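Here is a short note to go with the structure. Please read the points with the model open.

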Amino acid sequence: MNLTETLRLLILNDSRSEVERLVSMFRNAGVSARTQHATSLEMLSKLLEEQSWDLLVGHDATSNLPVSQAIKEISRLNRDIPVILVTETEGSQATVEGMRSGATDVVQLDDDQHLILVIKREMRNREHRQTHRLAERKRRDAEQQARDLLMNAKDAIAYVQEGMFLFVNDTWAELLSYDDLDELAVMPLIDLVVDDDQAKIKQALKKFNALNVEPEPETLTVRFIDASEQERALDIYLSQGTFDNENCLLVKSTQPRTLPATTEQSTGTTSAESAAKAEDHSHLKLRDTNTGLFNRTALFQRIEKALDDCAEHGTSQAFLLIEIAEFEHRVIATLGYRLADQAIKELASRVSEQLQDAYIGRFSDSALGLVISDCSATKALKLAEQLLSFINEQIIEVKTNTVHIRPHIGISLMTEVIENSDEVTKHARLAVDSLRSSDTKSEGGVHLFELPEQEISAEETMTHALENALNNELLHLVFQPIIGLRGSGDEQYEVMVRLQDESGQQVSTQEVFYSVGDLALLNKLDRWVVLTAAKKLSEQRNKGHNTRLWINLSEAAFYDENLPSWLKVALKAADLPADAVVFQMKESDVAKHITKAREFLTAVTENGTPVSITNFGCVLNPLNTLKHIPVEYVKLDGSYTKELQENPRSSGLTNLVKELNELKKITIVPFVENASALSKLWQAGVHYIQGYYLQEPNANMNYDFEGDG
């Protein structure tokens, strides 16, 4: 900040005379300041919500409004306002405690020159942060524009990594007569090439995948197989490329697009009509197919626009996530899945009438999302409380059936400090999760997202560690054997991922899944794990082992509609049968996204790949979850094993296994640490066991299954 501009300054101090002295000192130092003396938390909240401020200077002994409360309120409202503490206590302890509480620095009382220097530094830092945030948003906008240009380019452009598409544009789909781009995007490049020309492509892939080598670009004539099984010869240009910070192969064809002209001639449509149809198609992509409401993609676009406004004008907006409590019990059980969509549509219509200025869309099967402009935290809480009362009074009727809905409303505040739409929706989901865990009677409620400082630090640290590991190849796989208790000699391993954090410590993916809320990052991790595990498994099976791997996926899988097709292609590309792996999902993730989970797991099983639910037995009614998802395998939560090993008389595990056996489920018990529990597990009817007693996770798949038998 240029200090010839007016500094917007908040001061906390019990002494009015000291406030006046500070103002005078700033003026004498040439700092033009518009100051406000905040004397209560209510006054501070009002000032923060109604005006923009650059800095807060507070005395650490202030009693009418302690600085620690002010720091929490600034954090709650997502404001970028540095806090400088003034103290009369000598020594470093006051500085350490003040900065631990969230202050950016601590200055001794009457050390005015030091205070002026700290203020100038913090204003420069704040300006740098603002510049960085704006630059980051412009960078993302530029990347999106570049992606749009690639998608709409006249040339057929694709980026390929390890034989699979990272990106493929519409022109490729048109050249190969594919109506659905997604269908093309999940296919391995080699499968699009006629058998006689596949050697050319394999050689090119090998050449461009070579490490520490940047080969010269080359042009090939390759015969492709289009969607109608017809051969089509294309001249393709191959070169080293980068997409989403990933090194890859650029595959480009400059042959002209022929489909639009053919379509217009055959149908008699004009170019204007074709443009109108394209616009209609683009519009439909932003609509939920079952309800006609704006869909999740549209909501994310609207949130990004809201964040642009917040960054440019310093405004505050709000995102409200309205999730129906006990959706399965209250709505699905009464109406069924098809009519439940109509109930969601009717609820959205009534909410829209109440909040006519809000942008409303369907966030998930059981949730609506609302974007509200020009909305402070106080206003958002008030609107949400009113909405809660309104929805609780509603009776939704669909074809003579009625349902009473109780909503959990999570509020995420959007200000200049929020980076992207993923962060906004993550905060709203965490607010809903907090409500769900505390609302034991499922009566609904409202919660404004607030993240304690230590949690922010932990999540940022883990997120940074995962990003760093993915970008710098610091991830590696380990394998733990799964042993049959009932005569099965199958070679099976669970795949586990380890990464190194900044201190060099090994971190398991279980910790990552709990700590990282960025679904896009988790999706990237899932895909890395699948590709790497498939490659390892292919090598193992080529040695004559009939090995199967169990691969864990995060909750991000439920929101990736292309993932089931991608998984099928990834296994095929590694020359693996569909049942060579089992995909595992956590029970808590499945229960939280039951409809999405059912759709995803059904699609995977239809590919011929078995699925398992893990960490099972921790939700309120675990067996009810199994009624809705097509799982063959159930892995119990480790707490059951621990309880049995500590208390052999415990019946929790044996009772649960008995119920699962009655449902014809194949059971796995993890965390077996000693031999004492084996007879009990065998008698209970457990099918498979896993744990350190057998073998700890190992970088090699070298367990002696025959020796075990």
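1. Helices here are DSSP runs of H or I with at least four residues, numbered from the N terminus. On that basis, Asp-182 falls in helix 7, which covers residues 181-185. Keep in mind throughout that this is a predicted model.

2. Overall fold. The protein chain has 25 helices and 26 strands. Its radius of gyration is 29 Å, and the globule rule gives 27 Å for 709 residues; the two are close, so the chain is as compact as a globular protein of that length. Along the principal axes, the C-alpha atoms fill a box of roughly 85 × 75 × 65 Å.

3. Burial. How much of the protein chain counts as buried? The figure is 50% of the 709 residues. The cut-off is a relative accessible area under 20%.

4. Negative patch. Six acidic side chains deserve a look: Asp-179, Asp-180, Asp-182, Glu-183, Glu-561 and Glu-599 form a negative surface patch. Asp-182, the helix 7 residue, has a relative accessible area of 38%. Partly exposed means between 20% and 50%, so Asp-182 is partly exposed. Patch members must have over 30% relative accessible area and no salt bridge.

5. Ser-239. This residue belongs to strand 9, residues 231-243. Is Ser-239 buried or exposed? Its relative accessible area is 7%, and the limit for burial is 20%, so Ser-239 is buried. For a long-range check, take Thr-62: Ser-239 and Thr-62 are 177 residues apart along the chain. Their C-alpha atoms are separated by 65 Å.

6. Thr-400. Which backbone angle stands out at Thr-400? Its phi is positive, at about 75°, although Thr-400 is not a glycine. Thr-400 sits in the loop that joins strand 14 (395-398) to strand 15 (401-404). The relative accessible area of Thr-400 is 68%; exposed means over 50%, so Thr-400 counts as exposed.

7. Lys-664. Here, too, the residue is not a glycine, yet phi is positive, at about 65°. Where does Lys-664 lie? It is in the loop between helix 23 (652-662) and strand 25 (666-669). Lys-664 reaches 73% relative accessibility, which is over the 50% cut-off, so it is exposed.

8. For the record. Thr-400 and Lys-664 both carry a positive phi. Thr-400 lies in a loop between two strands, whereas Lys-664 lies in a loop between a helix and a strand. Ser-239, by contrast, is a buried residue in a strand.

How values were computed: Residues numbered from 1 in each chain as written. Predicted model: local features only at pLDDT ≥ 70, side-chain atom pairs only at ≥ 80, totals over all residues. Heavy atoms only, no water. Patch = residues over 30% accessible without salt bridge, like charges linked within 9 Å, V, L, I, M, F, W, Y side chains within 5 Å. Areas by Shrake-Rupley, 256 points an atom, 1.4 Å probe, with all protein chains shown as cover. Salt bridge = Lys/Arg side-chain N within 4 Å of Asp/Glu carboxyl O. Lys, Arg positive; Asp, Glu negative; His and termini not counted. Charge placed at Lys NZ, Arg CZ, Asp CG, Glu CD. Buried < 20%, exposed > 50% of the residue type's maximum accessible area, 1.4 Å probe, protein only. Rg over C-alpha atoms; globule rule 2.2 N^0.38 Å.
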